[in-house]
Amino acid sequence: MKIISCVEPIGISEERAAGIAYELAAKGYEFICYRDRREDAATLIERMKDADEVIVSNIKIGSDILSQCPKLKKLNVAFTGLDHIDLTYCHEHSIEVVNASGYATEGVAELAIGLMLDVYRHITALDADTRKGGTRNNFLGRELRGKCVGIVGTGAIGMRTAQLLQCFGCKVIAYSRSQLQEVLNMGIPYVSLEELMQQADIISLHIPLTAETHHLISRERLALCKPTAILINTARGNVVDMDALADMLKAGRLGGAGIDVYEKEPPLAEGHPLFSAPNCVLVPHVGYATREAFDERIDIVLSHI
């Protein structure tokens, strides 16, 4: 019997896991769904070493783990990005890798909008002030309406974010390695990345992390921005030079930032440079984490078995 090991629960309830196991048993598969998330190599090897197929979300899976799994033929990744998987090892050892592309499009796009609103209206900061007996104290926020928003990366999430922004009355421009007619049909022009950084009031990142995109948003490119511009990152942390971003915010060279992703998965190290940056809203990588997205993700994962 072939073994399918789900090394973390990925939102599958115990009841549904039992139902999946029952259905797959009739097809010659043993389905094992572990009920906790463990990221240490020893535990992952123990959970994967006898499996023909492994289901995992965003836990780092490197050659040190994969080399201990001689039967493994498929990695069923319950996530969109694959930068945490050693794809070179998988290719060299004929391990098929599939992802759950599309499950979090709506959730991530909505969070990007939410971060823009929070940074512009200081919702998080004002909530804290109000609980301490504070008042408006002459604070004035800003509206999305009429702002120029630069979308970096026009895949599914970038396009959906652009659609939502157009509903708010924003002017949207875009930069992407490849230009899509569907985006042009939305009335969105493509510009160079440098032009986007210079023109945009809001810069929203929606690109994968690759060797080419590592620190794509560099100190030099951040220096091109308007001092009132805000940066939103719901893509991958290392797309941005975080030290440079923190320096720009502290120096008043940027108006604010909303960040969901970091150099590593939270918890972040004490003293992270963004902790002391002004008008910077930080959330612990939750763009994909909605009930609706998790339900859709499970369906996609099961369709890949």
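Reader: Is Arg221 buried, partly exposed or exposed, and at what relative accessibility?
Author: This is a predicted model, in which local features need pLDDT of at least 70, side-chain atom pairs count only at pLDDT 80 or more, and totals for chains, interfaces and linings use all residues. Residues are numbered from 1 along each chain as its sequence is written, and side-chain values use heavy atoms, with hydrogens and water left out. Buried means under 20% relative accessible area and exposed over 50%, with partly exposed in between (1.4 Å probe, protein chains only). Arg221 therefore counts as partly exposed, its relative accessibility being 22%.

Reader: Which side chain does Arg221 meet in a salt bridge?
Author: A salt bridge is a side-chain nitrogen of Lys or Arg within 4 Å of a carboxyl oxygen of Asp or Glu, and the N to O distance here is 2.9 Å. The pair links distant parts of the chain, 27 residues apart, with Arg221 in helix H10 (residues 219-222) and its partner in helix H9; helices (H or I, at least four residues) and strands (E, at least two) are DSSP runs, numbered from the N terminus. The partner of Arg221 is Glu194.

Reader: Which helix gives the largest share of the largest nonpolar core?
Author: A nonpolar core is a set of buried Ala, Val, Leu, Ile, Met, Phe, Trp, Tyr and Cys residues joined through side-chain atoms within 4.5 Å. Among the 34 residues of the largest one, Ile203, Leu205, Leu245 and Leu274 touch the most other members. Elements giving two or more residues to this core include strand E6 (148-152) and helix H11 (242-250). The largest share, six residues, comes from H11.
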